[in-house]
Amino acid sequence: VNLKGRSCLTLKDFSSDEIKKLLWVSGDLKHRIKHEKQYLPLLQGKSIAMIFEKRSTRTRMSTETGFSLLGGHPCFLTSQDIHLGVNESCTDTARVLSGFCDVVLARVYKHSTLEELDREASIPIINGLSDLYHPIQILADFLTLQEHYGSLNGLTVSWIGDGNNVLHSFMMTAAKLGVHLKVATPKGYEPDKGVTEEAHRLAKQHGTQLILTSDPMEAARDSNVLVTDTWVSMGQEEEKKKRLKDFHGYQISMQTGSVAKSDWTFLHCLPRKMEEVDDQVFYSSRSLVFSEAENRKWTIMGLIVSLLTDYTPQIPMLKF
């Protein structure tokens with residue numbers, strides 16, 4: 001598997017073996033740098049343009065610190081620094097940045113912005129989050145689960161919340177790793193129809209289950225992993241009152257976990273609010289949220305190294 005020169009807009013475009021390779025490289029870099037204290041200047045002399053239309057803690061910090069740790073130079077660009085698609089077209093921005101740097105990570109509102117950047121750029125484009133997908137979050141989630149459980153194949157992940165970009169990325173990835181997926185969303189907040197159709201096709205292809213319901217307890221039953229996310233994303237603030245009402249009963253608590261498997265764990269991509277999950281779960285030993293947050297760094301490093309170099313992991317292949 002060689003991913004050098006590829007872009008990563010959605011894990012829909014990546015095969016089972018390619019996703020496993022990304023996780024393997026990420027785990028390898030974490031082992032060699034964090035635990036073995038090795039210095040690996042794999043990105044020496046390279047630079048990344050980080051375009052942020054939306055603010056972020058984890059995406060910015062993981063990319064900046066990770067790219068620097070590998071010897072490269074990160075450049076952070078907000079909408080106040082460059083006016084993407086306003087004072088300069090996406091086409092022109094993509095072509096200009098292709099001459100300045102080696103890779104672009106863009107955190108945008110519209111997925112179509114990423115697609116235009118990718119069409120016009122001659123360097124890899126990475127989706128740092130869009131309205132449709134959040135692939136770099138899912139890589140971190142699955143590395144966290146692989147570390148905790150020892151393997152991924154046969155696990156059941158239950159999503160309880162909004163049918164949003166993070167869920168879409170779970171749906172494009174879970175089956176390829178042998179993971180069953182159960183989804184509970186309130187009526188009217190279901191995942192994108194096209195994404196759902198593709199997820200059903202993937203589940204059939206890989207022999208996994210995909211179950212969609214509006215009952216949180218039904219989704220949680222016999223699950224290994226309970227996952228949720230914000231109910232009110234950036235740009236949806238005006239809908240907050242209605243959304244909080246519509247998501248009543250969706251808070252993850254120990255009661256939710258009472259119907260899950262005895263080894264159940266909890267994930268949340270952060271930032272978290274009380275209505276989504278209570279403190280008893282969030283700060284419990286079942287919560288993997290802070291390991292999950294740290295793994296944002298190792299997986300973005302693994303992704304960028306895979307897209308820019310011919311790096312071969314030194315540790316044995318992870319068990320999937």
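**Exercise 1. The two domains**

How many Å separate the centres of domain 1 and domain 2, taken over C-alpha atoms? Then describe the contact between the two domains.

*Solution.* Keep in mind that this is a predicted model.

Step 1. Find the bounds. The domain assignment gives domain 1 as 16–134 + 296–308. Domain 2 covers 137–293.

Step 2. Take the centres over C-alpha atoms. They lie 25 Å apart.

Step 3. Count the residues in contact. Domain 1 gives 22 residues, and domain 2 gives 24 residues.

Step 4. Look at the area. The two domains bury about 2,000 Å² between them. Of this, 64% is on carbon and sulfur atoms.

Step 5. Pick out the main contributors on domain 1. Arg58, His134 and Arg296 supply 30% of the area that domain 1 buries against domain 2. No other three residues supply more.

**Exercise 2. Polar links across the interface**

Which residue forms a salt bridge with lysine 30? Then say which helices help to build the side of domain 1 that touches domain 2.

*Solution.* Step 1. Search the interface for salt bridges. The rule finds one.

Step 2. Turn to lysine 30. Its partner is glutamate 147, with the closest N and O atoms 3.0 Å apart.

Step 3. Add the polar contacts. Ten residue pairs make them across the interface of domain 1 and domain 2.

Step 4. Assign residues to helices. H1 (16–35) and H12 (289–308) each supply at least two residues of the side of domain 1 that touches domain 2. The largest share, eight residues, comes from H1.

Step 5. Sort that side of domain 1 by residue type. It holds seven nonpolar, six polar and nine charged residues.

**Exercise 3. Unusual backbone**

Where does proline 271 lie? Also compare the surroundings of lysine 37 and leucine 129, buried or exposed?

*Solution.* Step 1. Recall the usual case. Most residues other than glycine have a negative phi, and most peptide bonds are trans.

Step 2. Check proline 271. A cis peptide bond joins leucine 270 to proline 271, with omega about 0 degrees. Proline 271 sits in the loop between strand E9 (265–268) and helix H11 (279–282).

Step 3. Check lysine 37. Its phi is positive, near 60 degrees. Lysine 37 is in the loop between H1 and strand E1 (47–52). Lysine 37 counts as exposed because its relative accessibility is 68%, and the cut-off is over 50%.

Step 4. Check leucine 129. Its phi is also positive, near 145 degrees. Leucine 129 belongs to strand E4. Leucine 129 has a relative accessible area of 9%, so it is buried.

**Exercise 4. Salt bridges along the chain**

How many salt bridges does the rule count? Examine some of them.

*Solution.* Step 1. Recall the principle. Side chains of opposite charge can pair when their charged atoms come close.

Step 2. Take the total. The count comes to eleven.

Step 3. Study aspartate 310 and lysine 4. Their closest N and O atoms are 3.5 Å apart. The two residues are 306 residues apart, in the segments after H12 and before H1. Aspartate 310 is exposed at 52%, and lysine 4 is partly exposed at 44%.

Step 4. Study arginine 95 and glutamate 120. Their N to O distance is 2.8 Å. This pair links helix H3 to helix H4.

Step 5. Study arginine 272 and aspartate 279. Their closest N and O atoms are 2.6 Å apart. Arginine 272 is buried at 19%, whereas aspartate 279 is partly exposed at 37%.

Step 6. Look for a network. Salt bridges link Asp162, Glu239 and Arg243.

Notes. Residues are numbered from 1 along each chain as its sequence is written. This is a predicted model: local features need pLDDT of at least 70, side-chain atom pairs count only at pLDDT 80 or more; totals for chains, interfaces and linings use all residues. Side-chain values use heavy atoms; hydrogens and water are left out. Domain bounds come from an automatic or database domain assignment. Contact means heavy atoms within 4.5 Å. Buried area is the accessible area (1.4 Å probe) that two parts lose on being put together, summed over both. A salt bridge is a side-chain nitrogen of Lys or Arg within 4 Å of a carboxyl oxygen of Asp or Glu. A polar contact is a pair of N or O atoms within 3.5 Å; within protein, one must be able to donate a hydrogen and the other to accept it, and residues adjacent in sequence count only if both atoms are side-chain atoms. Helices (H or I, at least four residues) and strands (E, at least two) are DSSP runs, numbered from the N terminus. Ala, Val, Leu, Ile, Met, Phe, Trp, Tyr, Cys and Pro count as nonpolar, Asp, Glu, Lys and Arg as charged, and the others, Gly among them, as polar. Buried means under 20% relative accessible area, exposed over 50%, partly exposed in between (1.4 Å probe, protein chains only).
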